[in-house]
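Trainee: I have a model open and want to test its labels against their definitions. Can we go through them?

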Amino acid sequence: MLKKLAMVAAAGFLVASPVQAHSNPFNAEDAVEYRQALYQVISAQAGVMGAMVKGDMDFDGEEINKRAKTISQVAGLLSETYFPATRDVDASKMKDVAWEEMESFQKKGKEFGQALQELVQASSSADFDRNQAKSTVGALGKSCKSCHDDYRNK
């Protein structure tokens, strides 16, 4: 079940492409605002997991699993927020190069989905510990940073 949840969420993110426009319920400004809110949720969840890994908070593998599954659910909502009209929204922090290099942008989405799936799977194990968390949470963080470095304006 957990693997399926992560895969569905990752797949939702992975198809985030300009071809989604025909079935999109949002206008461009609302889509960007919604997308940014979704990323705030993802960031908050990742922040707690990172604090646990660093020792700034007590480590709790079940809590990491819960937060990883939350990210999976939220990531699955992102696909409908990426469509061509959002490119010109002033509030968007997405670099133009992401639209120009959509294949590469989507590849980074796949890497994020894979790292997230691995975290959900690992953290669902009863013997999930801080060392595994450092590796899997770290991989998720690296996938986020990689995309931000290339495709997000500060």
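**Helix packing and core**

Mentor: H5 and H6 are roughly antiparallel to each other. Keep in mind that this is a predicted model: local features need pLDDT of at least 70, side-chain atom pairs need 80 or more, and totals for chains, interfaces and linings use all residues. Numbering starts from 1 along each chain as its sequence is written, and side-chain values use heavy atoms, without hydrogens or water.

Trainee: Why are H5 and H6 called roughly antiparallel?

Mentor: Their packing angle is about 165°. Angles over 145 degrees count as roughly antiparallel, and H5 and H6 therefore earn the label. Their axes lie 8 Å apart. The crossing is left-handed.

Trainee: Which residues make H5 and H6 meet?

Mentor: In H5 they include Phe105, Leu116 and Leu119; in H6, Leu140, Cys147 and Tyr151 are among them. Contact means heavy atoms within 4.5 Å. The contact residues divide into 12 nonpolar, 4 polar and 4 charged.

Trainee: What makes a set of residues a nonpolar core?

Mentor: Its members are buried Ala, Val, Leu, Ile, Met, Phe, Trp, Tyr or Cys, joined through side-chain atoms within 4.5 Å. Buried means under 20% relative accessible area (1.4 Å probe, protein chains only). The largest core here has 30 residues. Met49, Ile64 and Phe105 are among those with the most contacts inside it. H5 gives the most to this core, with 8 residues. Apart from it lies another core of 5 residues, among them Ala28 and Val89.

Trainee: What does Phe105 touch beyond four places away in sequence?

Mentor: Phe105 touches Tyr82, Met94, Ala98, Cys147 and Tyr151.

Terms used: Buried < 20%, exposed > 50% of the residue type's maximum accessible area, 1.4 Å probe, protein only. Helix = DSSP H or I, 4+ residues; strand = E, 2+ residues; numbered from the N terminus. Axes fitted to C-alpha atoms, helices over the stretch in contact; angles between N-to-C directions. Parallel < 35°, antiparallel > 145°, perpendicular 65-115°, else oblique. Left-handed = near helix turned anticlockwise from the far one by under 90°. Nonpolar A, V, L, I, M, F, W, Y, C, P; charged D, E, K, R; others polar.
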